[in-house]
Amino acid sequence: MPTNFTLSGNGTARAVRTEPDTPLLYVLRNDLKLSGAKFGCGQAQCGACSVLVDGIEQRSCVYPVSAASKGRITTLEGLGTLQRPSLLQRAFIQEQACQCGYCSSGMIMAAQALLARNPKPSEAEVKRALDGHLCRCGAHNRIVRAVLRASKGELS
């Protein structure tokens, strides 16, 4: 039965009406028009749909809206804008870490969660944090370099 939920997304509270077990991804994309999180596999295996809920990475394709309504949701759109990208987004741009771009949102969100809990991760820690995020283009090395660059503030 549809239920009313208030979602706190990217600093703004928005009301939605949906089934409690509806995946957060569908609500973000269809109701809130936030298209940063992508539908990849629908089984929490690829990471393209990753968002942060209270700073913790969640796979929104399987994360129910009822659980998300209890926390603060951050999507890619909440990190920066086209005019003022976040430090991490700028590092991805400078390292050209977005070949096709499909995995980028999830990778950036996972990296954001890592940097929030560990501002100076090692290369091994970055790789561990991104393990389970699939990139079909093979941009993993550039993605790791981008996260390390952001952690060091080495931006031009």
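The chain exposes about 8300 Å². Carbon and sulfur atoms supply 49% of that area. The model behind these values is predicted.

Start with the fold. The chain has six helices and five strands. Along the sequence they follow the pattern β-β-α-β-β-α-β-α-α-α-α. The radius of gyration is 15 Å, close to the 15 Å that the globule rule gives for 156 residues, so the chain is as compact as a globular protein of that length. Along its principal axes, the C-alpha trace spans about 50 × 30 × 25 Å.

Next, the packing. Buried residues make up 43% of the 156 residues. Take the contacts with a separation of 6 or more: residues 24 or more positions apart account for 54% of them. Charge can be placed too. The chain carries 19 positive and 11 negative charges. The mean positions of these two sets are 5 Å apart.

Now go inside. In soluble globular proteins, nonpolar side chains tend to be buried together. Which residues have the most contacts inside the largest nonpolar core? They are Leu 88, Phe 92, Met 107, Val 126, Leu 130, Ile 143 and Val 147, in a core of 26 residues. Four helices each supply at least two residues of this core: H3 (87-94), H4 (104-117), H5 (123-130) and H6 (140-152). Helix H4 gives the most, with eight residues.

Leu 88 shows how this core is wired. Set aside its neighbours within four places in sequence. Leu 88 is then in contact with Ile 108, Ala 111, Gln 112, Leu 115, Val 147 and Ala 150. Apart from this core lies another, of 18 residues. Leu 24, Val 27, Leu 34 and Ala 68 are among its members.

The loops deserve a look of their own. Glu 95 is found in the loop between H3 and H4. Is Glu 95 buried or exposed? Its relative accessible area is 15%, which is under the 20% cut-off, so Glu 95 counts as buried. Its contacts, leaving aside neighbours within four places in sequence, are with Arg 142, Arg 145, Ala 146 and Arg 149.

Backbone angles come next. Most residues other than glycine have a negative phi. Lys 33 has a positive phi of about 60 degrees, although it is not a glycine. Its place is in the loop between helix H1 (24-31) and E3. Lys 33 is exposed, with a relative accessible area of 61%.

Asp 54 also is not a glycine, and its phi is positive, at about 55 degrees. Asp 54 lies in the loop between E3 and E4. At 38% relative accessibility, Asp 54 counts as partly exposed.

Gly 55 lies in the loop between strand E3 (50-53) and strand E4 (56-59). Gly 55 is partly exposed, with a relative accessible area of 38%. Where does Gly 55 stand relative to Gly 71? The two are 16 residues apart in sequence. In space they are 9.3 Å apart, C-alpha to C-alpha.

To trace the path again, begin at Leu 88 and follow its contact to Val 147. Both residues are among those with the most contacts inside the largest core. Then step to Glu 95 in the loop between H3 and H4, and finish at Asp 54 in the loop between E3 and E4.

Definitions and conventions: Residues numbered from 1 in each chain as written. Predicted model: local features only at pLDDT ≥ 70, side-chain atom pairs only at ≥ 80, totals over all residues. Heavy atoms only, no water. Rg over C-alpha atoms; globule rule 2.2 N^0.38 Å. Buried < 20%, exposed > 50% of the residue type's maximum accessible area, 1.4 Å probe, protein only. Contact = heavy atoms within 4.5 Å. Areas by Shrake-Rupley, 256 points an atom, 1.4 Å probe, with all protein chains shown as cover. Lys, Arg positive; Asp, Glu negative; His and termini not counted. Charge placed at Lys NZ, Arg CZ, Asp CG, Glu CD. Core = buried A, V, L, I, M, F, W, Y, C linked by side-chain atoms within 4.5 Å.
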